[in-house]
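Here are some short exercises to work through with the model open beside you. Try each task before reading its solution.

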Amino acid sequence: MIRRLLPLFAFAALAVLLFAGVRMNSGRDNSAIPSPLLGKPTPAFSLPVLGDPARRIGNADLLGRPYLLNVWGSWCPTCRYEHPHITELARSGKVRVLGYNYKDTPEDAQAWLTQFGNPYELIVADEDGRAALDWGIYGAPESFLVDARGIVRWKLVGAIDETVVREQIEPLLAELDAAP
Amino acid sequence: MLPELGLVALILALLLGVLLGTLPLVGAQRNHAGLVASARPLAYSQLVFVAIAYAVLTHAFVVHDFSVKYVATNSNTLLPTLYQLPAVWGAHEGSLLLWVMILALWIAAVAAFSRSLPATVVARVLATMGWVSVGFLAFLLFTSNPFARLLPAAVEGRDLNPLLQDPGMIFHPPLLYTGYVGFAVAFAFAVAALIDGKVDAQWVRWSRPWTNVAWAFLTLGIALGSFWAYYELGWGGWWFWDPVENASFMPWLVGLALLHSQAVTEKRGSFRGWTLLLAIAAFSLSLLGTFLVRSGVLTSVHAFASDPARGLFILGFLAVIVGGSLLLFALRAPTEDKGQPFVAASRETLMLANNLLLSGAAMMILLGTLYPLLAEALGLGKISVGPPYFGLLFTVLMAPLVLLVPFGPLTRWQREQPAQPLRMLAPWAGLALVVAAIAFFRWPQGTAKTAAAWLGCAWLIGGTLRFVWQRLKQGKGRFTAEMTGMILAHLGVAVFVFGVLMTESTSQEMDVAAKPGQSFAMRGYDFRFEGVERVQGPNYLADRGTIRITRGGAPVATMLPEKREYASGGSVMTEADIDGGFARDLYVALGDPLGPDGSWALRLYVKPFIRWIWLGALLMAIGGFVVVLDQRFRRPVVAP
Amino acid sequence: MRRALLAALLSVFAAFAAAQVLEFRDPAEEARFRALAAELRCVMCQNQSLADSNAPIAHDLRLEVLRLMRDGKSDAQIKQYLVARYTDFVLYRPQVTPMTWLLWFGPALGILIGAGVIVGIVRRKARQAPAAPPPTDSQEW
């Protein structure tokens, strides 16, 4: 009798897995890849500053204070949706907000900033997208939260909005304040 | 007004389904002739109302009724009328209605073609199928109403996905669903037999034709889907082990095992339990496939828009149908094997091996398809399981099967002297090896895979022809339809294997930056790019390239690949052009414009023998249909 | 404004397009590249390989793979490089680790168990079988 119950048990196990699958995938973006950089130092990089290409910024230059690195491009429609939230976050002074201009020409990027406003403390420009590969960036908008020691603590694939700020960014910033 | 009538028709169909599921079943239990006889009329009535609902939705498309949300999302006024009809099943709600429509047709067919069956059997079979229809109608009505209104009505619809605006769309889903849904018949026969307690050769004889037809349709549906992807998607692939493709392939493999197992149970009385289990499994996998592509659980370009509520509903339905039938199996499956005995060297053993390998392959595909989900559920991060995994393991599992196929027909039931079939087939094995060796050394660009193509194909053809010869030699010149079907199907496998392995090992591809007037040489063909011009289609604007292909100076084909921009959504589709042939396909696709001098990126392919893949599948399907014509299905079983 | 956006989009498109076609040094390099790209997953698409995808990130990754190949890196090193940046998700052929033992060895194990069951069935039935093969004409085909 046990032998003939085996198919039913196997199916029950399968049903449990499928149930878990449906629950896992409801209400969130299933396509985002987790970042292998969490808990690790940022990749070594040295990129020109947008608008001042003679000046270069690298990971060493950014140590000392936590920062939010926001990946954006003038070709990215969702970045426009995100922009007011980024601006608000920068204005609030909770964390310094840096821009990572991804796969844009300087002209297009400047035009976009002129039109929509520039909330970033500074912006590094990755025109050909090579350095972005080291960060595991694959589109825009994406955002990283890096602590004062240069360790990547958080990554978001997709737009930042009030919910994200309230539920993810602010608690993390509080943690960083308590134990930098 | 009319869409609401469609909704009412669906509600009535649901009620009729409940009656169909209950009254005949009760009648069969209590031996109440009147209730038992209600099965057929209920089945036909349900079909009428489902058909009405389907007609109403089709009508809404044809008259551009954009007050119906589904129509507004999946068509627009520019969509050619030819595609308004298949647009009905272009997305989730409509394709489900197609599912239900096809199920209702199968139910009616069983009702119509079962005159020779005892009324109680028919009653139980139809009742079981009735419950399946109730599940799907409820799913439609509660979570996926195709007649939901969009108020205020849209002025213009969004459009049918341009990828679907293609003749393949007209045939692929209906054929596929006819197969998928058709396994419900074998399932219903199995459940009826379990309820009845009488699992015997007669029961199997009744269910065999239905199973063969369903399997043959599924074969055609999958093959057409593969062919469609090949010419529509622009990069020459024909199978990607995508979750949705796997969802259709698993029932196909198990259905194939089922066909063979049914044959054994019918002729020898053996494997009744296995045959029942396979019948339940084949339809369960169809239902699982329906779940996977609509629940959002898996990522795929084929998947319908997902919704967790829908996912949970189907899962619940799955639990009831599959769980219920497996429980019934555990409680009432036959305990002793009343079949004729057999030894190791017998056709029975070969059939067991056949079923093991096919079911094993299906389980492997299930494992690989669900593994990323399992890993994520266990918190192990996101992994991918793709063609390298599936391709490798599938080949490993199918190779022994290919080896065994010719032995099957030549090995007798119950007891065979191993030397016999070995002796009969040895020369053919030798011939196959010689052919493979020649191919390996002499075929241009030949590799081990090329040799394997010739080896597998020659072995299967030789072995099958040996059976034909054997039969002729024995003076039994008559081939039953069952044998003919088997021969065709096994030859189909030979052709298929050849096509796959030859294409994989000897295809060539060139990605080039082409200036107008520039030529490229590949495999003796000369591809000359002549330039790109703008053309206007019914609902799109296209860049059309002209490539002239010659061979040794003689013209072969003029290819006109396009890159179309559809007016409605602005989506850009690549339409490759293909010069198809028996021995090779020439395939050209446009990439992107490269500069003001008119140069374009082009993809050029030579694909040897790729059509053999679908030709082989077609032969298999024909074989499946031919088996049904056999006399045995018109005769009652004589107890052995 | 709309025209500026369109111009921006098109210029970006053209920038991508200009570099669409990869130049290979020899057929061996091309063959190795295609084989490798077929095993890697486009990280942005809905289930497409790096070889087949038209997404910009796929193009960038293809360039990177080619660069790494020419740098002398082995296939394994190239895969490791990508996994370090995009996790195991990027591999269509899962690595063989304890986490994937079930995946890689499960089917073989299943077949072995199944074969054992068959042996058991055959043994049981063979015990009941008559000694001589039955005369051929009493056998249905």
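Helices (H or I, at least four residues) and strands (E, at least two) are DSSP runs, numbered from the N terminus. Keep in mind that this is a predicted model.

**Exercise 1. Find Gln414(B) and decide whether Gln414(B) is buried or exposed.**

Step 1: Go to the loop between α15 (407-410) and α16 (419-442) of chain B, where Gln414(B) sits.
Step 2: Check the backbone: phi of Gln414(B) is near 75°, a positive value in a residue other than glycine. Most residues other than glycine have a negative phi.
Step 3: Count the neighbours. Gln414(B) has 20 C-beta neighbours inside 10 Å, so Gln414(B) counts as buried. The cut-off for buried is 20 or more.

**Exercise 2. Do the same for Arg523(B): what is its phi, and how many other C-beta atoms lie within 10 Å?**

Step 1: Look in the loop between β2 (519-522) and β3 (525-536) of chain B, which holds Arg523(B).
Step 2: Arg523(B) is not a glycine, yet its phi is positive, about 50°.
Step 3: With 14 other C-beta atoms within 10 Å, Arg523(B) is partly exposed.

**Exercise 3. Locate the cis peptide bond that ends at Pro141(A) and the one that ends at Pro152(B).**

Step 1: In chain A, the bond joining Ala140(A) and Pro141(A) is cis, with omega about 0°. Pro141(A) belongs to the loop between α4 (130-135) and β6 (142-146) of chain A.
Step 2: In chain B, the bond from Leu151(B) to Pro152(B) is cis, with omega near 0°. Pro152(B) lies in the loop between α7 (119-143) and α8 (167-196) of chain B.
Step 3: For context, most peptide bonds are trans.

**Exercise 4. Test the length of α17(B) and the radius of gyration of chain B against simple rules.**

Step 1: Helix α17 (residues 448-473) of chain B has 26 residues, and at 1.5 Å a residue it should span 38 Å.
Step 2: The end C-alpha atoms of α17(B) are 36 Å apart, which agrees. After this helix comes Gly475(B), whose phi is positive, near 80°.
Step 3: For 640 residues, a compact globule would have a radius of gyration near 26 Å; chain B has 26 Å, so the two agree.
Step 4: Along its principal axes, the C-alpha trace of chain B spans about 85 × 75 × 50 Å, and 55% of its 640 residues count as buried.

**Exercise 5. Which domains make up chain B, and how far apart are the C-alpha centres of domain 1 and domain 3?**

Step 1: Chain B is divided into domain 1 (1-165), domain 2 (405-507 + 613-617) and domain 3 (511-609).
Step 2: The C-alpha centres of domain 1 and domain 3 of chain B are 43 Å apart.
Step 3: These two domains do meet: 8 residues of domain 1 of chain B are in contact with 8 residues of domain 3 of chain B. On the domain 1 side, 5 are nonpolar, 1 is polar and 2 are charged.

**Exercise 6. Which element of chain C gives the most to the side that touches chain B?**

Step 1: Here 37 residues of chain C are in contact with 49 residues of chain B.
Step 2: The elements giving two or more residues to this side of chain C are α1 and α5 (101-128).
Step 3: α5(C) gives the most, with 13 residues.
Step 4: By class, this side of chain C has 21 nonpolar, 9 polar and 7 charged residues.

Key
Residues are numbered from 1 along each chain as its sequence is written. Chains are lettered from A and ligands numbered from 1 in the order in which they are written. This is a predicted model: local features need pLDDT of at least 70, side-chain atom pairs count only at pLDDT 80 or more; totals for chains, interfaces and linings use all residues. Two residues are in contact if their C-beta atoms, placed from the backbone, lie within 7 Å. Ala, Val, Leu, Ile, Met, Phe, Trp, Tyr, Cys and Pro count as nonpolar, Asp, Glu, Lys and Arg as charged, and the others, Gly among them, as polar. Domain bounds come from an automatic or database domain assignment. The expected span of a helix is 1.5 Å times one less than its number of residues. The radius of gyration is taken over C-alpha atoms; the globule rule is 2.2 Å times the number of residues to the power 0.38. A residue is buried if 20 or more other C-beta atoms lie within 10 Å of its own, exposed if 12 or fewer, and partly exposed in between; C-beta atoms are placed from the backbone.
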